[in-house]
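Please look through the structure shown below with some patience, beginning with one helix and moving on to the enclosed spaces inside.

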Amino acid sequence: MHFQEWLRSLRSSAGLKGSESEDFWSLLPSLPLSSFSLSSLSLSPSSLLGLGALASITAYWLVTRPRPMRPPCDLQAQSVAVNGDPSCRRSALLKDDSLLEFYYDDTRTAYDMFQRGLKISGNGPCLGYRKPGQPYQWISYTEVAERAQVLGSGLLAKGCQPNPQQFVGIFAQNRPEWIISELACYTYSMAVVPLYDTLGLEAMVHILNLAEISLVICDREEKAAALLENKEKGVTPKLSCLVLFNDFSEDFVERAKTCEVEVLKLEQLMNLKDPVPPQPQDLAVVCFTSGTTGKPKGAMITHGNIASNTSSVIKILELPSLPICLCLCISKLLRRMLLLELYLSLVLCSFLFLVFSQGSFVIQQEDVSISYLPLAHMFERMIQVSMFCHGARVGFYQGDISLLMDDIKTLKPTFFPVVPRLLNRIYDKILGSVTSPLRRALLHYAVRRKQAELSSGVVRNNSLWDKLVFNRIQASLGGDLRFALTASAPISPAVLSFLRATLGCLIFEGYGQTECTAGCTFSMPGDWSAGHVGAPLPCAMVKLVDIPDMNYYAKNGEGEICIRGPSVFRGYLRDPERTAEALDSDGWLHSGDVGQWLPNGTLRIIDRKKHIFKLSQGEYIAPEKIENVYMRCVPVLQVFVHGDSLQSYLIGIVVPDPEVFVDWAKERGFVGSYEELCQNPDVKNAVLEDMKAVGKEAGLKSFEQVKDLHLHPETFSVANGLLTPTLKSRRADIRRVFQEQISSMYSKTAI
């Protein structure tokens, strides 16, 4: 057989594209392939051994050399215009405008996804937990499913109905019982309503009454006691049963009896009935968003929403593997090859391995994720559903954030869900640990070398620089990290690029909100540029609409981000007015964020339609509400509160009241003219303390208080362009005018 004919037959049998085999031809430039016959070639035994050694070395080099990740689409065209409208785009991974609802045929609900993992893993580990100083202990998929069915049956015995109109509250920290309780509800088509501490007392009462919740599952007696106190006050009349993970006192049981509330341990709900699995259109969870003003809104998320959102991430992460037909073809040919053909086949197989497995990330049964982000939010929940769908493991932190790094070192996660604030801490810790000029120079040089690899699509943790410089950094996160996902707030491009180099793993960035089930855009494998949040997920169309008041127009590729697709929520629970504000008549979810399409089809977040933004830790800020509070301060005439989504705190620009400021300062021992006082740092601190006192009295939370300010002697006015004709602040213009002072405050303020 001629070698060229043999390779051609192999390529045709395997469905290999011509462009993919051309690279292999280039590896053998000196061979006369058109006339080269393997079976007729006669070589001495020593020549055969030498050629075999060369083939083995070549094969080893092909398999082990750093390989760029092969992106699933053209990185210069990551999204496609819908119906020729460049302002409305969908994923380039889709064949047409039909959006993705599910990836696997048997995973159309959150319940289905766990069942798929159960079939894959069986008695394999599912949920992990640990005690201080101890290794992780694991609960198997089989045991989780059995305990969920028993608990769900027990809920039915306590009067819960097996339908999506039955709401069950969960008020607990991340732990295995949280997931078991959630799965128990899904096993019998009930919906989950997560509760969490930071909502506050008034919000908690609102949620319990709005959802008409009669049964809440808690972790500790302290949390159950807080709910019981509301019942005792008569403000949550529907509450009738509290189920606890941990032990509780007899005094608490007696106290609950006096207000007709039954208290049970999780194990007391022992019963067994056949499952009543949910349908895709059924409600799975009502996720209450804390928001910034007014009462919390309950976003209604269906099983179909969860399935489509999770499936879209799986779709993006899929990369081609060695086709079965190719393996069969190689196996058939190997049986009739001579020794020399076998050696050359070794090189060929190595090349094909290179073509079809280029640094892909596909979630596997062996993967493990660390759970520490609140399960009350959709981001963490979607990550866990993705893990369960593939029979992978989830290990929970001990509940103490100060012990998180110890938990990570012990667990050795391969998948790390993270928020920008934690990445910023890791970044600061790395830079802070390098004190000598020589080590700092070496660190930055190593980072530049790794970033050069990143720019060519190579992501690895086994380079010389990883072994010499980054080994300890990677070991601090367990040493096995393959994949990290950051979301919930923007992250600095400089930090993201730095950590992609030092951690030696894939770090993706996503964007979305609760109302679209978590994400609507996701950075593409192989695209390691920063400064954007990726292209639309396969479950979502994303369009930009005009905001004339802010001078953003869709024709310029800028506007409010709107999302439509099977992952968009049903609406807010029993709140048609606010549902209509979020969802228009055509089913588009209006996010309130302002985006910009980049030439490669990715999205960049550039502004906020309403003056509401997130700090880096994910807390929402309504600056105008805070400004109205600070205006009550005697020395303050005008105030502008500024926050940066890359920062964890607020700062302010204050114009003191000329009529009272000098006298106010004199009463505190400061003498000078109005302008001189504005430049006095001690006077500034006195104004800051006064503002904080007024803010505290008004009930501002700690993250709503400014941590530094700049005193400005000139009032904001229409004439200087800092006020509108209706005397509202021109926020973008104020930010621009005071950019130097803002940058200075953030650079010197230590929190």
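How many residues does helix α10 have, and how far does the helix reach from its first C-alpha to its last? In this predicted model, helix α10 runs over residues 303-317 and has 15 residues, and its reach of 21 Å from the first C-alpha to the last is close to the 21 Å expected at 1.5 Å a residue. Because 14 of the 15 residues of α10 are buried, that is, under 20% relative accessible area, this helix is largely enclosed by the rest of the structure.

From this helix we can turn to the empty spaces. Rolling a probe the size of a water molecule over the atoms shows where empty space is left. A search of the whole structure finds three cavities of 30 Å³ or more, and the largest cavity holds about 130 Å³ of space.

Which helices supply at least two residues each to the lining of the largest cavity? They are α4 (110-121), α6 (176-187) and α13 (378-389). The full lining consists of A110, M113, F114, I179, E182, L183, Y186, L375, R381, Q384, V385 and F388, and by character these residues divide into nine nonpolar, one polar and two charged.

The second largest cavity contains about 50 Å³ of space, and its lining is made up of N461, Q474, L477, G479, D480, L481 and L503. Here the lining residues divide into three nonpolar, three polar and one charged, where glycine is counted among the polar residues.

Note on methods: Residues numbered from 1 in each chain as written. Predicted model: local features only at pLDDT ≥ 70, side-chain atom pairs only at ≥ 80, totals over all residues. Heavy atoms only, no water. 1 Å grid on protein atoms, 1.4 Å probe; cavity = no way out; pocket = protein on both sides within 12 Å on 5 of 7 lines; lining within 4 Å. Points joined across faces, edges and corners; volume = space filled by probe spheres on them. Helix = DSSP H or I, 4+ residues; strand = E, 2+ residues; numbered from the N terminus. Expected span 1.5 Å × (residues − 1). Buried < 20%, exposed > 50% of the residue type's maximum accessible area, 1.4 Å probe, protein only.
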